[in-house]
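Student: I would like to take a close look at the salt bridges in this model, and to see how they sit within the rest of the chain. Could you take me through that part slowly, with each term explained on the way?

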Amino acid sequence: MFDVGFSELCLIGLVSLLVIGPERLPKVARLAGFWLGKTRTMVAAVKEEIKLELQAEEMRQIFKEQSGLEDVQQMLDETSDTLKSAIKQPPVDNAKHDESK
C-alpha cells in the first residue's frame, strides 16, 4: 500500500523517540500497533462484505438472465405447439369456400 523502506522506519522511530521520550515510547508503540491492527481488521471486513455483495449481485444477474431464457423457451414451446396443431389440421379448400358465397 505504502512504500516505506527500512530507512524511513528508522527515521520515524528516531523522531518519535526524541518527541515522545524513551519512557512513553513503548506504550505509544503498543497503542499505535493496536489501532493499526483494528484498522486492518476493519478494512478486511469491509472488503469481504463488498466481495460478498458483488457475488450476490452477479447471482441476481444470472438468475435474471435465466428467467429471460425461460420466457424465450416458453415462447418457443408455444410457437412449436401452434405449428404442430396447424400442420395436423386439414387444409381449408378456398375454392369450395368461395363457391358457397
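Tutor: What follows begins with the whole chain, then turns to the salt bridges, and ends with some other local features.

This is a predicted model, in which local features need pLDDT of at least 70 and side-chain atom pairs count only at pLDDT 80 or more, while totals for chains, interfaces and linings use all residues. Residues are numbered from 1 along each chain as its sequence is written, and side-chain values use heavy atoms, with hydrogens and water left out.

The chain has 3 helices and 0 strands, and its pattern along the sequence reads α-α-α; helices (H or I, at least four residues) and strands (E, at least two) are DSSP runs, numbered from the N terminus. Of its 101 residues, 2% count as buried, where buried means under 20% relative accessible area, exposed means over 50%, and partly exposed lies in between (1.4 Å probe, protein chains only). About 9800 Å² of the chain is exposed, with carbon and sulfur atoms supplying 64% of that area; accessible areas come from the Shrake-Rupley method with a 1.4 Å probe, and for residues only the protein chains shown count as cover.

Now to the part you asked about. The structure holds 2 salt bridges, a salt bridge being a side-chain nitrogen of Lys or Arg within 4 Å of a carboxyl oxygen of Asp or Glu. In one of them, Glu53 is paired with Arg60, and their closest N and O atoms are 3.7 Å apart. Glu53 is partly exposed, at 47% relative accessibility, and Arg60 is also partly exposed, at 44%. Glu57 meets Arg60 in a salt bridge as well, with 2.7 Å from N to O. Glu57 and Arg60 are separated by about one helical turn, because they are 3 residues apart in helix 2 (residues 25–88). Through shared partners, the salt bridges join Glu53, Glu57 and Arg60 into one network. Glu57 is partly exposed too, at 37% relative accessibility.

Elsewhere, helix 1 covers residues 6–20 and includes Leu17, a residue that is partly exposed at 35% relative accessibility. The 15 residues of helix 1 should span 21 Å at 1.5 Å a residue, and this agrees with the 21 Å between its end C-alpha atoms; the expected span is 1.5 Å times one less than the number of residues. Just after helix 1, Gly21 takes a positive phi of about 105°.
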